[in-house]
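User: Please take a close look at the salt bridges of this model, with attention to how well the participating residues are covered. I would like one connected account.

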Amino acid sequence: MNHDRHVPEQAEPADGGAIAPDRPRVAAPAEEAITVATAAADASTTIEALLANPLRDPRDKRLPRVAGPCVLVLFGVTGDLARRKLLPAIYDLGNRGLLPPGFSLVGFARRDWANQDFAQVTHDAIKENARTPFREEVWKQLAEGIHFVPGEFSDDGAFDTLATTLAEIDEKRGTGGNYAFYLSVPPKFFPVVVKQLKRTGLANPPEGAWRRVVIEKPFGHDLASAKELNEITSAVFPEESVFRIDHYLGKETVQNIMALRFANNLFEPIWNRGYVDHVQITMAEDIGIGGRAGYYDGIGAARDVIQNHLLQLLALVAMEDPTSFDADALRREKEKVLKAVRLPHDLALSTARGQYAAGWQGGEPVVGYLDEDGIPLDSTTETYAAVKLEIANRRWAGVPFYLRTGKRLGRRVTEVAVVFQRAPHLPFSEDDTEILGQNALVVRVQPDEGITVRFGSKVPGTAMEVRDVSMDFAYGESFMESSPEAYERLLLDVLIGDPPLFPHQREVELSWKILDPIEDHWSAQGQPEEYPSGSWGPASSDEMMARDGRVWRRL
Amino acid sequence: MTSFTMSGTNASKISAMLTRLRHQMGAPAVGMVLTLVVPCDERTQYDAVRSATDAAREHPSRILVVIEREAGEPARLDAELRVGEATPGELVILRLYGDLIRHAESVVSPLLLPDTPVVAWWPGGCPGVPAENALGLLAQRRITDARAAPDPIAAIASRADGYLAGDTDLTWTRLTPWRSLLAAAFDQPVGPVSAGSVEAKSGNPSAPLLAAWLSDRLDAPITVGDSQGPGLTCVRLAVPGGELTITRTDARLATLSKPGQPDRRVALARRSTAELLSEELRRLDPDEIYAATIRRLARDGSSV
C-alpha cells in the first residue's frame with residue numbers, strides 16, 4: 001500500500017546502468033508480493049471479458065467482479081442449508097451489487113408451491129439469516145426473478161416443466177441460457193437428478209452459454225464410492241463444469257493462509273523442516289450430532305471432516321508456491337502435496353478415535369452418542385478422530401502433521417497451529433526459561449478469525465525470566481465488521497466460473513487414498529474409546545502425542 | 001464511549017491521554033489500519049465525524065478532525081478525545097486558534113499512527129492542490145468532494161489542474177454503482193456506441209464526470225442533460241439496433257433496457273457518505289481511471 005514510501009528503494013544506481021550484482025534489488029520482490037496479494041485477494045474477471053468490454057479496465061479496481069446474466073437452479077430448497085446459508089448468501093451478493101441484471105433463481109422441490117410461496121420462503125430466510133441489512137429495492141430486484149417448479153426427482157414431467165421454465169426465463173429476463181444447478185440434496189439423489197438434466201438437454205449448453213453443476217460434500221465415503229459418484233456427474237458434465245463445494249475454502253481466513261505465506265517474506269524462510277517442529281490442525285465442535293443421526297452414523301468424524309476440510313487445510317499450509325493463482329496451478333500444488341502424504345507404519349500408535357459419552361458440556365448435561373436418537377446401541381462410529389501424517393518431500397520430511405476433529409469437545413474452534421522448534425541454544429539459566437514453550441504461529445479459522453503469534457518475552461522485574469506471550473491479529477479488528485460469508489464467495493465464483501477455490505476430483509480421490517487405510521484399520525478395532533462430553537477427547541489421543549514427546553495445544 | 005476534553009494543550013499531551021484512555025478501557029490500540037485526517041469547519045464537523053466513525057467500523061482508524069477557529073485570537077490548541085466502545089478506532093477533534101492555524105501539520109504529524117497509511121478527507125471546501133496543502137502533504141490519499149463547492153460543476157471540471165497521484169473525489173465514488181451496472185451491461189457484446197447522454201438534476205457534478213468516463217472509454221460523444229432528479233436519473237447510449245438505457249427516477253431501483261432484450265430492474269440506491277468513504281478507504285493506491293476521466297473532462301470542458 002505504501003507505494004510512495006517505497007520509491008527511494010527503487011532508485012537505480014547512480015551510473016544509470018544495470019543493477020550492481022552485489023546489491024540485491026529490493027523493489028522487485030515487493031512489487032511481486034503486491035501482485036500476488038492482489039491476485040490472492042480477488043482473481044479478476046476473465047481476460048477475454050476485459051478485452052471485449054470497453055468499460056472494463058484492470059486498473060479500474062472499483063468495479064467489482066459481477067457475474068454475467070444467469071439462472072441459479074436450486075435443488076433442495078426446503079433444506080436447512082438453503083434456508084440458513086444459500087438463500088441469504090444470494091441476497092447478500094445482490095445487496096453488494098454483485099448479481100447481474102436479470103439474475104433469476106429457480107427452486108425445485110417436492111412441495112405444492114407457487115412462485116410466490118417460494119418467494120415468501122426466500123424472503124423469510126433472508127430476513128432471518130442475511131448478513132447485510134434488508135433493503136426493499138434489492139429484494140424487489142431479486143423477487144422479480146424468483147420461480148418455483150414443484151415435483152419429484154423421478155418425475156419426467158417436472159423436469160420438462162423445469163426446462164420450459166428456464167427457456168421462458170431466458171426469454172423474459174435475458175439470461176442467455178447460462179444455468180448453474182446447485183444440488184443441495186443427499187448424494188443418493190445425484191444419479192437421478194443428473195440423469196434428468198441430461199434427458200432434458202439442460203446439461204448441454206448451446207453455443208456461447210454455460211451449464212455448471214454444484215455439489216456438496218460428502219464426495220463418497222471411500223475411494224471407490226467417490227469414483228462411482230464422479231462417474232455419474234462426469235458422464236454428463238465435463239470436469240471444468242463441476243464445482244465441488246468445500247465451504248471452508250471460501251472462508252477469508254483460509255484464503256489468507258495463501259496471502260500470509262506467499263505475499264510476505266517474513267514467514268516463508270522458516271516454513272520448513274529446518275524450523276518447524278510439527279503442525280496441528282484442529283476442528284473442534286461443541287455440538288453433538290443433532291438431527292444428523294441418519295447421515296452421521298456409519299460415516300464418523302474422519303470421513304465427515306478430516307477427508308475434506310482438514311486435508312484441504314493441510315494442503316494449503318504445506319504446498320509449494322503455485323506459479324499463479326489460477327485454478328490449474330493451485331490445484332496442481334495441492335495435489336502434489338497430497339500425493340506426498342504418508343501414513344505412519346503402525347496405525348495403532350499414530351491414530352486415535354473416540355466416541356462421546358454423557359457428560360456436562362458448557363454447563364449443561366448432555367447425552368452420550370449411543371443415547372442420541374436414531375443411533376444403534378452398538379454403533380462403532382467415531383465422533384473423535386486424530387491422525388498423525390507425514391509429508392515425504394524435501395520441505396517437510398520428519399515434520400509430523402497432527403490432525404484432529406471431534407464433536408462435543410470443550411469449545412467450538414478451528415485452527416492451524418505451526419509449532420516451531422525450540423531455540424538451539426538458550427543463554428539463560430534453566431530456571432529462567434522453565435515456563436517458556438515453543439514458538440507458534442496460529443491461524444484461527446473460526447470463530448474469532450485471525451492470526452496469533454506466540455513467542456517468549458521477558459517478564460518485567462530484575463530477574464531475566466522469560467515467558468510466553470502472544471501477539472494477535474484479529475480480522476474483525478483490522479478489517480470489515482463482518483467479512484463475507486464463505487457461501488457468498490463460493491456462489492459468486494460458481495456464477496463467474498472461477499474454480500480455484502473448489503477441490504478437483506483428483507484431490508478428492510487423493511484424500512480418500514490417505515484416509516481409506518486408516519478407516520480399514522479402525523473397522524477391525526471394535527468400539528471406539530469413550531470420552532466425556534465437554535472434554536478434549538479420549539486419553540489415547542493424548543497418549544499418541546505423548547509418545548512423540550508432544551502435547552495437543554490447549555484450545 | 002469515553003470522552004475527554006483538553007484545552008490549551010499540545011500533541012504530546014493528547015498522545016499520552018489517548019494511551020491512558022485506551023488502557024483505562026483495557027484495550028490497547030491495536031488493529032487500527034490507518035489515520036484519517038479531516039480538515040473541516042464547525043458547520044460540517046458533526047456530519048463528517050458521523051460518517052468517518054461509521055466508515056471506521058470497516059476500517060478501524062484514528063480520526064483526526066482539524067477545525068480552524070478564530071485567526072485573531074492568541075495561538076491555542078483545544079482537543080476533544082473520544083475512545084469508543086461503539087467504534088473500534090479513536091477520534092480526536094482538534095480546534096486551532098490564532099497563528100497555530102498556519103501550522104496545523106505540527107499538531108497532526110505527531111498524532112499520526114506509525115507506519116500505516118494516512119488519508120486526508122475534506123468534507124467541505126478544499127485546497128486547490130490538495131497534495132501541496134500542509135495537511136495533504138502528510139497523506140498518500142487525498143479525498144475531496146466537489147459537491148460541497150459553491151459551483152460543483154466548475155469544481156469537478158477543474159480537478160485536473162491540481163491533480164497529483166493519490167487524489168480522488170467523492171463525486172467519482174458516487175458513480176461506482178452506475179459504472180458497475182454499465183460495465184455489466186457491456187459484458188455481453190453490444191457493438192460500437194455512436195452517441196449518448198447522461199441526465200441528472202441540474203448542477204449534479206457526477207453527471208459530467210460519468211459522461212467524460214463514457215466518452216473516454218467508448219470513444220463517442222456523450223452529452224449532459226438536465227432532469228428532475230434526484231441525482232442521476234438516466235444514461236442513454238445509441239448502439240446498433242437501438243438504444244441501451246439505464247433509468248432511475250426514485251433513487252433506488254433502476255431499469256436496464258437493451259435492444260432485443262427484456263427490461264430488467266436492478267437495485268441502484270444512492271449511498272451515504274459513510275459508505276462512500278468506506279469504498280475510498282478500501283484501495284489506497286492511485287486511481288488511474290479517475291485521473292484519466294478528470295483529464296478528459298477538463299479537455300472536453302465546455303463541450304459537455
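Analyst: A residue counts as buried when its relative accessible area is under 20%, as exposed when that area is over 50%, and as partly exposed in between. The model is predicted, and the account below applies these classes to its charged pairs.

A search over all chains finds 57 salt bridges in the whole structure. One of them joins the side chains of A:Arg59 and A:Asp57, with an N to O distance of 3.0 Å. The two partners fall into separate classes of cover: A:Arg59 has a relative accessible area of 40% and is therefore partly exposed, whereas A:Asp57, at 13%, is buried.

A further salt bridge is formed by the side chains of A:Asp60 and B:Arg179, at 2.5 Å from N to O. Because A:Asp60 belongs to the loop between α3 (47-52) and β1 (71-75) of chain A, while B:Arg179 belongs to helix α6 (residues 176-185) of chain B, this pair joins two chains. Both ends of the bridge are covered: A:Asp60 is buried, with 5% relative accessibility, and B:Arg179 is buried as well, with a relative accessible area of 0%.

Chain A also takes part in a network of salt bridges through A:Arg62. The other members of that network are B:Arg141, B:Arg271, B:Glu279, B:Glu280 and B:Asp287.

Within chain B, the side chains of B:Asp54 and B:Arg57 meet in a salt bridge of 3.7 Å, N to O. These residues are three positions apart in helix α2 (residues 42-58) of chain B, so about one helical turn separates them. B:Asp54 is partly exposed at 38% relative accessibility, and B:Arg57 is likewise partly exposed, at 30%.

The surface of chain A can be considered alongside these charged pairs. A:Leu426, A:Phe428 and A:Met464 make up a nonpolar surface patch whose accessible area is about 230 Å² together. Within this patch, A:Leu426 lies in the loop that runs between β14 (413-420) and β15 (440-446) of chain A. With a relative accessible area of 37%, A:Leu426 is partly exposed.

As for the wider setting, the domain assignment divides chain A into domain 1 (70-216) and domain 2 (249-482 + 504-547). The centres of domain 1 and domain 2 of chain A, taken over C-alpha atoms, are separated by 36 Å.

Terms used. Residues are numbered from 1 along each chain as its sequence is written. Chains are lettered from A and ligands numbered from 1 in the order in which they are written. This is a predicted model: local features need pLDDT of at least 70, side-chain atom pairs count only at pLDDT 80 or more; totals for chains, interfaces and linings use all residues. Side-chain values use heavy atoms; hydrogens and water are left out. Patches are made of residues with over 30% relative accessible area and no salt bridge: like charges are joined within 9 Å, nonpolar side chains (Val, Leu, Ile, Met, Phe, Trp, Tyr) within 5 Å. Accessible areas come from the Shrake-Rupley method with a 1.4 Å probe; for residues, only the protein chains shown count as cover. A salt bridge is a side-chain nitrogen of Lys or Arg within 4 Å of a carboxyl oxygen of Asp or Glu. Helices (H or I, at least four residues) and strands (E, at least two) are DSSP runs, numbered from the N terminus. Buried means under 20% relative accessible area, exposed over 50%, partly exposed in between (1.4 Å probe, protein chains only). Domain bounds come from an automatic or database domain assignment.
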